[in-house]
Amino acid sequence: MTQESSPQKLVETLLQSIDPSAIADESLRRTVSILLNLIEQLQAETREFGVRESKIKTRKQSP
C-alpha cells in the first residue's frame, strides 16, 4: 500500500503548489482552475469508490 499512497501524495503536493492567481492570462487561469476543481472531484470520487470496494470485499470474506 505504500507504493499506492506515495504517487498519490506526490500528485496532491503538486496540485497544492499550483496557484492559478499567479497566471496572468485570464482565460488560462480559468481553465487551470476548472481543471484543478475537476481533479479534486475525481480524487474524492476515487477515494469513495475505494472505500465502497473495501466494504464489499470485507462483506464477501465474512462467513
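Contact here means heavy atoms within 4.5 Å. The legends below describe a predicted model.

**Figure 1. Overall view of the protein chain, which consists of two helices and zero strands.** The predicted chain holds 63 residues, of which 10% count as buried. Its accessible surface comes to about 5700 Å², and carbon and sulfur atoms account for 57% of that area. Helix α1 covers residues 2-17, and helix α2 covers residues 26-61. Three salt bridges are counted in the model, and they are shown in Figures 3, 4 and 5.

**Figure 2. Close-up of Q43, a buried residue of the predicted model.** Q43 is placed in helix α2. Leaving aside residues up to four places away in sequence, Q43 touches V11, E12 and L15. The relative accessibility of Q43 is 17%, below the 20% limit, and the residue therefore counts as buried. E12, one of the residues that Q43 touches, appears again in the next view.

**Figure 3. Close-up of the salt bridge between E12 and R47.** The closest N and O atoms of this pair are 3.9 Å apart, which falls within the 4 Å cut-off for a salt bridge. E12 belongs to helix α1 and R47 to helix α2, so the salt bridge ties together parts of the chain that lie 35 residues apart in sequence. Both partners are partly exposed: E12 has a relative accessible area of 28%, and R47 has one of 42%. Besides pairing with R47, E12 is in contact with Q43.

**Figure 4. Close-up of the start of helix α2, with the salt bridge between R30 and E26.** The closest N and O atoms of R30 and E26 are 2.2 Å apart. Both residues lie in helix α2, where a spacing of four residues places them about one turn of the helix apart. R30 has a relative accessibility of 52% and so counts as exposed, whereas E26 is partly exposed at 43%. The view also includes D25, which is located in the loop between α1 and α2. The side chain of D25 reaches the backbone nitrogen of L28 at 2.7 Å. D25 is itself partly exposed, with a relative accessible area of 44%.

**Figure 5. Close-up of the salt bridge between E48 and R52.** The side chains of these two residues meet with an N to O distance of 2.5 Å. E48 and R52 are both part of helix α2 and stand four residues apart, about one turn of the helix. The relative accessible area of E48 is 41%, and this residue is thus partly exposed. In general, side chains of opposite charge can pair when their charged atoms come close.

**Figure 6. Close-up of a nonpolar surface patch made by L35, L38 and L42.** The patch has an area of about 260 Å². L35, one of its members, is located in helix α2. The relative accessible area of L35 is 45%, and the residue is classed as partly exposed. This value lies over the 30% that a residue needs in order to join a patch, so L35 meets that condition.

Key. Residues numbered from 1 in each chain as written. Predicted model: local features only at pLDDT ≥ 70, side-chain atom pairs only at ≥ 80, totals over all residues. Heavy atoms only, no water. Patch = residues over 30% accessible without salt bridge, like charges linked within 9 Å, V, L, I, M, F, W, Y side chains within 5 Å. Areas by Shrake-Rupley, 256 points an atom, 1.4 Å probe, with all protein chains shown as cover. Buried < 20%, exposed > 50% of the residue type's maximum accessible area, 1.4 Å probe, protein only. Polar contact = N/O pair within 3.5 Å; in protein donor to acceptor, adjacent residues only side chain to side chain.
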